Amino acid sequence: MNRIQQKLQEDKKILSIYFSAGYPHLTDTVSIIEDLEKNGIDLIEIGLPFSDPLADGPTIQESSTKALQNGMTTDVLFNQLKDIRKTVSIPLIIMGYFNPMMQYGVEAFCAKCAEIGIDGLIIPDLPVDVYANEYQAVFEKYGLFNVLLITPQTGDERIRFIDSVSTGFIYMVSSASVTGSQSGFGSTQEDYFKRIADMNLKNQQIVGFGINNAATFNQATQYAKGAIIGSAFIKHLTEEGTGKISDFVKAIR
């Protein structure tokens, strides 16, 4: 069973953390992953930096740019992670844009992910129709989950199609904005969270965008299985370095 499936079966709300690989420093990637697991994080999304990150707000864009300047590449990331399963057991997902994966070769990329113990991918700019028609078989061949995104604007029919081709969980974007641009959730978001919960989809949902503290984590997980924190964690790394990860996690739950 995929590690994501195993984690989703646990009787708890999932706290997932996103960070840009190679930030703040090129060699920080593995130590950040290890520290996050030691401090009780359930799932980690490792950002593969890209020069044109459409869905990302300024905080993640800046960390991605700095990581690229530090020398982060697909090959460097794979080399850093080659022994990650010797020290880390929680689910690991690579989140990135499709262009670098195409340049690497989609099947070669998936094969490498499977070899080093990556459990899934999140590719915001890969349309679900293209995935289902051209790449789903490749992902399944290597045991990788492709985590697909929905937004408040996604229609019910589209959501049910996404649910039908999904494995693991659905990434529920909290609002039509970029990452790091919100400071809380209003009634519109809460109605959206409830609407999706009431659809009784086969895949559980984890909320992303706008979660930055204990209050927003609790709001997001009232109806969903878990929540993802990205920009707030990267701000913490920027301000505090990598030595106070435990402080950040304790403030969330």
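R3 has a relative accessibility of 27% and therefore counts as partly exposed. The exercises below start from this residue, and they concern a predicted model.

**Exercise 1. Find which residue forms a salt bridge with R3 and how many residues separate the pair in sequence.**

Step 1. The salt-bridge partner of R3 is D119, and the closest N and O atoms of the two are 2.8 Å apart. This distance fits the definition of a salt bridge, because the nitrogen has to lie within 4 Å of the carboxyl oxygen.

Step 2. Now place both residues: R3 belongs to helix α1 (residues 3-8), whereas D119 sits in the loop between α6 and β4 (120-122), so the salt bridge ties together parts that are 116 residues apart in sequence.

Step 3. Finally, consider accessibility: D119 has a relative accessible area of 4% and is buried, while R3, at 27%, is partly exposed.

**Exercise 2. Determine where R85 lies and what its salt bridge with D119 links.**

Step 1. The side chains of R85 and D119 meet in a salt bridge with an N to O distance of 2.9 Å.

Step 2. R85 is in the loop between α4 (74-80) and β3 (92-95), and D119 is in the loop between α6 and β4, so that distant parts of the chain, 34 residues apart, are linked by this pair.

Step 3. R85, with a relative accessibility of 23%, counts as partly exposed, because the buried class ends under 20% and the exposed class begins over 50%.

**Exercise 3. Decide whether K7 and E10 are buried or partly exposed, and name the network to which they belong.**

Step 1. K7 and E10 form a salt bridge through their side chains, at 3.3 Å from N to O.

Step 2. The relative accessibility of K7 is 12%, which makes K7 buried, whereas E10 reaches 33% and is partly exposed.

Step 3. Both residues take part in a network of salt bridges that also includes K12, D42 and R253. In total, the structure holds 13 salt bridges.

**Exercise 4. Work out whether helices α6 and α7 are roughly parallel or roughly antiparallel, and which residues make their contact.**

Step 1. The axes of α6 (residues 106-116) and α7 (residues 128-141) come within 9 Å of each other and cross at roughly 25°.

Step 2. The two helices are therefore roughly parallel, because angles under 35 degrees fall into that class.

Step 3. Their crossing is right-handed. On the α6 side the contact is made by V106, E107 and C110, and on the α7 side by Y135, V138, F139 and K141.

Step 4. Sorted by class, this contact between α6 and α7 has five nonpolar and two charged residues, with no polar ones.

**Exercise 5. Compare N200 with F209: what is the sign of phi in each, and is each residue buried or exposed?**

Step 1. Phi is positive in N200, near 50°, and positive in F209 as well, near 80°, although neither residue is glycine.

Step 2. N200 lies in the loop between α9 (187-198) and β8 (204-208), and F209 in the loop between β8 and α10 (214-220).

Step 3. N200 counts as exposed at 64% relative accessibility, whereas F209, at 7%, counts as buried.

**Exercise 6. Identify which residue precedes P24 at a cis peptide bond, and where P24 is found.**

Step 1. The bond in question runs from Y23 to P24, and its omega is near 0°.

Step 2. P24 is located in the loop between β1 (14-20) and α2 (29-38).

Technical notes
Residues numbered from 1 in each chain as written. Predicted model: local features only at pLDDT ≥ 70, side-chain atom pairs only at ≥ 80, totals over all residues. Heavy atoms only, no water. Axes fitted to C-alpha atoms, helices over the stretch in contact; angles between N-to-C directions. Helix = DSSP H or I, 4+ residues; strand = E, 2+ residues; numbered from the N terminus. Parallel < 35°, antiparallel > 145°, perpendicular 65-115°, else oblique. Left-handed = near helix turned anticlockwise from the far one by under 90°. Contact = heavy atoms within 4.5 Å. Nonpolar A, V, L, I, M, F, W, Y, C, P; charged D, E, K, R; others polar. Buried < 20%, exposed > 50% of the residue type's maximum accessible area, 1.4 Å probe, protein only.
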